[in-house]
Amino acid sequence: MVTEALISLSFGGAIGLMFLMLGCALPIYNQYWPLFVLFFYILSPIPSCIARRLVDDTDAMSNACKELAIFLTTGIVVSAFGLPVVFARAHLIEWGACALVLTGNTVIFATILGFFLVFGSNDDFSWQQW
């Protein structure tokens, strides 16, 4: 179970990054502005990780902390989808590159979500040990 999940998550990450690189490096686009989306990939799991570390499930405030983490994560993800559109509207990148980056965003964020769904439980092999 764990090895298949790791293989599929790594495959998803590779496919998502491939779409991002294609949106940057194809000769017809040749603009590397969309690589700023990588910051959002790094920032998106941080609120959930902090909230899971700080929150005790018996605490009454745990619900508010989790909701704040979800709100911040949603803002980061929406910003990651908005940045290529802003770049395309400002004519920094082509619309085809924007479509490739948005496809890569979808795959990468689905991979990040899959990671938290697979390794988010408190069993013997969880992401909290890392």
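Here is a short walk through this structure, one selection at a time.

**Stop 1: the whole chain**

Keep in mind that you're looking at a predicted model. Show the chain as a cartoon and follow it from start to end: you'll pass 5 helices and 0 strands, in the order α-α-α-α-α. Now switch on the surface. The accessible surface adds up to about 8100 Å², and carbon and sulfur atoms hold 71% of that. How much of the chain is buried? Of its 130 residues, 34% count as buried. Contacts tell you about the fold too: among those with a separation of 6 or more, 64% are between residues 24 or more positions apart.

**Stop 2: a nonpolar patch on the surface**

Next, select Trp33, Phe36, Phe39, Ile42, Leu43, Ile46, Ile50, Leu54 and Leu92, and give them a bright colour. Together they make a nonpolar surface patch of about 870 Å². Which elements give two or more residues to this patch? They are α2 (37–43) and α3 (46–54).

Zoom in on Phe39, which sits in helix α2. Is Phe39 buried or exposed? Its relative accessibility is 52%, so Phe39 counts as exposed, because the cut-off for exposed is over 50%.

Keep Phe39 selected and add Trp33, Phe36 and Phe87. These four residues form one aromatic cluster.

**Stop 3: aromatic pairs**

Time to hunt for rings. A search of the whole structure turns up 7 aromatic pairs. For one of them, select Tyr41 and Phe109. Their rings meet edge-to-face, with 5.5 Å from centre to centre and 80° between the planes. Where in the chain do the partners come from? Tyr41 belongs to helix α2 and Phe109 to helix α5 (residues 95–119), so this pair links distant parts of the chain, 68 residues apart.

Put the surface back on and look for the two rings. Tyr41 has a relative accessible area of 9%, so Tyr41 is buried. Phe109, at 11% relative accessibility, counts as buried as well. Both labels follow because buried means under 20%.

For another pair, select Phe115 and Phe116. This pair is edge-to-face too, at 5.8 Å centre to centre and 85° between the planes. Which of these residues is buried, and which is partly exposed? Phe116 counts as buried at 13% relative accessibility, whereas Phe115, with a relative accessible area of 21%, is partly exposed. The labels differ because partly exposed lies between the cut-offs of 20% and 50%.

Notes:
Residues are numbered from 1 along each chain as its sequence is written. This is a predicted model: local features need pLDDT of at least 70, side-chain atom pairs count only at pLDDT 80 or more; totals for chains, interfaces and linings use all residues. Side-chain values use heavy atoms; hydrogens and water are left out. Patches are made of residues with over 30% relative accessible area and no salt bridge: like charges are joined within 9 Å, nonpolar side chains (Val, Leu, Ile, Met, Phe, Trp, Tyr) within 5 Å. Accessible areas come from the Shrake-Rupley method with a 1.4 Å probe; for residues, only the protein chains shown count as cover. A salt bridge is a side-chain nitrogen of Lys or Arg within 4 Å of a carboxyl oxygen of Asp or Glu. Helices (H or I, at least four residues) and strands (E, at least two) are DSSP runs, numbered from the N terminus. Buried means under 20% relative accessible area, exposed over 50%, partly exposed in between (1.4 Å probe, protein chains only). Rings of Phe, Tyr and Trp (its six-membered ring) pair if their centres lie within 6.5 Å; planes under 30 degrees apart count as stacked, over 60 as edge-to-face and the rest as tilted. Contact means heavy atoms within 4.5 Å.
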